[in-house]
Amino acid sequence: MEVSSAEAALSVSASSIRITDVTQDGDVLTFAIASQKLNSSAGVCVFRIYEDFDWLQQSLFSQENLPGLQGIIFPPLPSKALPSQSNTQTKALKQLGFLALGQDWQSYCKALEFYLQQVAAHPTLCKCKALDSFLINSESPGKQRGRKGIFNRLSQAVEEMRKESHKDVDNFFQNERNKNTNLAALSKVATEKLLDVVMTEQKLALACGHFATSLHLCVNQDDAAAVAFSKVCLKLSDVIEAVNRNFEKVASNDLSTLGLGLDLESRYQEAEKVWECVLMIACKLIELETVKKGTEKAKASKREVMEAFQKAVEKEFNLISSVAKQEIERFHSSRVNVLKNFLIGWCELQLNTAKEFAELYSQHLEACRNMYSE
Amino acid sequence: VCACVRESVCERERESVCECVREGVLFLSQSPEAACLSAEDISPSSNGPRDDDPDDLFAEATEEVSLDSPERQPILSDGPSPAITPVTPVMISPRVDDEDEEENRDTFDIQISVSDPEKVGDGMNAYMVYKVTTKTSLSIFSRDEVCVKRRFSDFLGLYSKLASKYMHMGYIVPPAPEKSIVGMTKVKVGKEDLSSVEFVEKRRSALERYLLRTVKHPALLKDPDVLQFLESSELPRAVSTQALSGAGILRMVNKAADAVNKMTIKMNESDAWFEEKQQQFENLDVQLRKLHASVESLVCHRKELSVNTASFAKSAAMLGNSEDHTALSRALSQLAEVEEKIDQLHQDQSYADFYLISELLGDYVRLITAVKGVFDQRMKAWAKWQDAQVMLQRKREAEAKLQYANKPDKLQQATDEIREWEGKVQQGERDFEQISKNIRREVGRFEKDRVKDFRVVIIKYLESLVHTQQQLIKYWEAFLPEAKAIA
């Protein structure tokens, strides 16, 4: 979804963005981000740390002069990973869920990559200069931490709003809000349950590995009988080792597709929640402003000024509303598409794994039948 | 004279039953003369034809050891229940040599199944009854197909009889399955939950394997107790089941062996084969226990996976129900169904893990205990032979002394005793050689069977793995179009 308008557009192709490498130095992870320049065969590669991503997200939130900004559903940025030694796997799992699993931060990188692609594919957000700068400047975006976006300014208010129950702006949003609350909870649960499944698959793989190793210890060449028994034990060991690899594959498949997909879905639902609050707050602010102005203007009793103001407020309100509605449509079609791709990917991977191991086990079976019929 | 381990060990020679018997030590080989008798001489306290032969050298021994005789009652009722079935001093003369064995293998045609567990009675007196079906063309059986009903204690009774008859000759008698107070209590109390069902199935399978292993042994297959167990519609109840667990009996046997280990004269092994084999079995014991523990962990995790998969399936179903987008909702519901089916596969596979591999290893851990017991019996036989030699020496010395005293009748007695002990020494040597020979043969058979058993299990396990994967392929192939159909 490249944008080719007159305005400042992104100079790289959204779908080409990849995180190609990650290195760890103590506590700090450095990501290598590659992308393809539009209308050119040139590629770009930059190095970023998590704080740079955070800067990007803040920049997106705090864009000025962007009409209807409050209506946008911002792609969710994964939490910061804390790779230090003292961080045990349980801590990492609590913090990052699925993204903590997988070797060498693969899942985490995939999630960050996805984030960048989503931002770059968003019709409004892709125009943000910060994004272009993030993707192509060899120097890191700098330590500009001063500017706080909407989110930060209102973060406390967001929490307050969520606790209270407010009359919603529109019936449309009311409906959306209910669905969202429900889906957010359910997808979180589904993600957690799948995580349990993947952890158990990994435990099973490990147990198989131990068992296969123990079988090796039974090897004994003392006499003919011992040799015969040893051969049988080694054969069983091979079979169990195959089962071990089978589980590792299955777990990895779950992780890289469905796990990632559900995690993303879950975080998107949360992002939508945030969006709703932001929307409500924006509308509330407009309300308050109207009341304030109204009180002031009432003294001056300049009716035309009042009316003009009223129109301006309504216009702003309608703009936010229409952006919000568009965002919701976009959001839904996007998430359906994303889930579809993950489900297909997951199914195909698992199908291939099942075929691979059906073949392997059949070979073992054939070999055993031939050997033992002698 | 107390007919337990050795004369000199028993401190209370005046009493007809010594400490050892009261504590329930399974008495095995009694008098040396016993070895000469053929299969038909059976003591009155066991099944089978009675033999009131006045020359029955067993009469004395039987009387002393039989736990049923009235003088014994007061002693036995005090202590811990020593109720072992009356010891049958039956010696089946080892007519089963290698040729016979080969012949048996070729014509080994017997199928046994244990099925249809049924609960009989109520409350704490309830018990399970199993149907034992034997199909065979062997001539020692009276019919082609027999069905009988047996309860768990009947199996234990059979094992105890076989152990008492054959272990001291060096035969490896397959042990009966373990008792389980917890398991049985649940069943008695009437809980129809999954764990009681699993327990009964586990026991049924173990009983079946036990019988199959028993009849695989050429000597045991012909044993009258085994035949009666498989064919008789009525079976006399086992005396008392408290001490009758397979492990219980083996423990008692090994207690006797421990007494042997405390012997003053250490056995000098002239035959390196026995020493090597014993060491091998020690090592194997350790390894098998490790393997068994390893597999149990596997079984446990597999069950956990099944639980987690079912849980995930539910959450996916709920997600599907709440989803507005029709095709996505449908796909999510299908996903939930696939996961439910996979859960079932996990359960089936976990049964395979357990019944094929885990139980095989468990059975062999128990079998190794029986094998070790048999080696200990050989040491006992050696000890008995040595003791007879010592005794003979003493008697000779006593006679020599009496030569110089003027007591003709005592001298006669001494001479008689010398002859008696010369006989015992010869018998001791013969017994020792016989048991050594038997053990060599038994170990050879055990090792062959071991390889066979493991091979069979590997093949069955691979078959289950292949089946699971093929099912998975079916499920994924069915799901793929659903995922692709999401618009």
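**Notes on helix packing and internal cavities**

1. Let's start in chain A, with helix α1 (residues 50-61) and helix α3 (residues 106-121): their axes come within 13 Å and cross at roughly 25°. Keep in mind throughout that this is a predicted model. Angles under 35 degrees count as roughly parallel, and α1(A) and α3(A) are therefore roughly parallel to each other. The crossing of α1(A) with α3(A) is left-handed.

2. Who makes that contact? On the α1(A) side you'll find Tyr50(A), Phe53(A), Leu56(A), Gln57(A) and Leu60(A), and facing them from α3(A) are Tyr108(A), Leu112(A), Tyr115(A), Leu116(A) and Val119(A). Sorted by class, the contact of α1(A) with α3(A) has nine nonpolar residues, one polar and no charged ones.

3. Now a pair that spans both chains. The axes of α8(A) and α12(B) come within 11 Å, with a crossing angle of roughly 30°, so these two helices are also roughly parallel to each other. Their crossing is left-handed. From α8(A), the residues in contact are Arg335(A), Val336(A), Leu339(A), Leu343(A) and Trp346(A), while α12(B) brings Leu328(B), Ala331(B), Leu335(B) and Glu339(B). That makes seven nonpolar and two charged residues, with no polar ones, in the contact of α8(A) with α12(B).

4. Within chain B, α12(B) also meets α7(B): the axes come within 11 Å and cross at roughly 50°. α7(B) and α12(B) are therefore oblique to each other, and the crossing is right-handed. α7(B) puts in Glu198(B), Glu201(B), Lys202(B), Ser205(B), Arg209(B) and Arg213(B); the α12(B) residues include Tyr351(B), Phe354(B), Glu359(B), Asp363(B), Tyr364(B) and Leu367(B). By class, the contact of α7(B) with α12(B) comes out at seven charged, six nonpolar and one polar.

5. On to the empty space. The structure holds 17 cavities of 30 Å³ or more, and the largest has a volume of about 360 Å³. There are 26 residues lining the largest cavity, and the closest to its centre are Phe247(A), Val250(A), Ile342(B), His346(B) and Leu472(B).

6. Which elements give two or more residues to the lining of the largest cavity? From chain A they are α6 (171-216), α7 (224-300) and α8 (303-372), and from chain B α11 (272-322), α12 (326-404) and α13 (408-484). The residues of that lining divide into 14 nonpolar, eight polar and four charged. Note that α8(A) and α12(B), the pair from point 3, both appear among these elements.

7. The second largest cavity holds about 130 Å³ of space. Its lining is made up of Ile172(B), Pro174(B), Arg213(B), Lys216(B), His217(B), Tyr364(B), Leu367(B), Arg445(B), Phe446(B), Asp449(B) and Asp453(B). By class, the lining of the second largest cavity has five nonpolar, five charged and one polar residue.

8. Where does the lining of the second largest cavity come from? α7 (194-216), α12 and α13 of chain B each supply at least two residues, and the largest share, four residues, is from α13(B). There's a link back to point 4: Arg213(B), Tyr364(B) and Leu367(B) line this cavity, and those residues also take part in the contact of α7(B) with α12(B).

Conventions: Residues are numbered from 1 along each chain as its sequence is written. Chains are lettered from A and ligands numbered from 1 in the order in which they are written. This is a predicted model: local features need pLDDT of at least 70, side-chain atom pairs count only at pLDDT 80 or more; totals for chains, interfaces and linings use all residues. Side-chain values use heavy atoms; hydrogens and water are left out. On a 1 Å grid over the protein atoms alone, a cavity is a set of points where a 1.4 Å probe fits but cannot get out, and a pocket is an open set with protein on both sides within 12 Å along at least five of seven lines; lining residues have an atom within 4 Å of a point. Grid points are joined across faces, edges and corners, and a volume is the space filled by probe spheres set on the points. Ala, Val, Leu, Ile, Met, Phe, Trp, Tyr, Cys and Pro count as nonpolar, Asp, Glu, Lys and Arg as charged, and the others, Gly among them, as polar. Axes are lines fitted to C-alpha atoms, for helices over the stretch in contact, and angles run from 0 to 180 degrees between N-to-C directions. Angles under 35 degrees count as roughly parallel, over 145 as roughly antiparallel, 65 to 115 as roughly perpendicular and the rest as oblique. A crossing is left-handed if the near helix is turned anticlockwise from the far one by less than a right angle, and right-handed if clockwise. Contact means heavy atoms within 4.5 Å.
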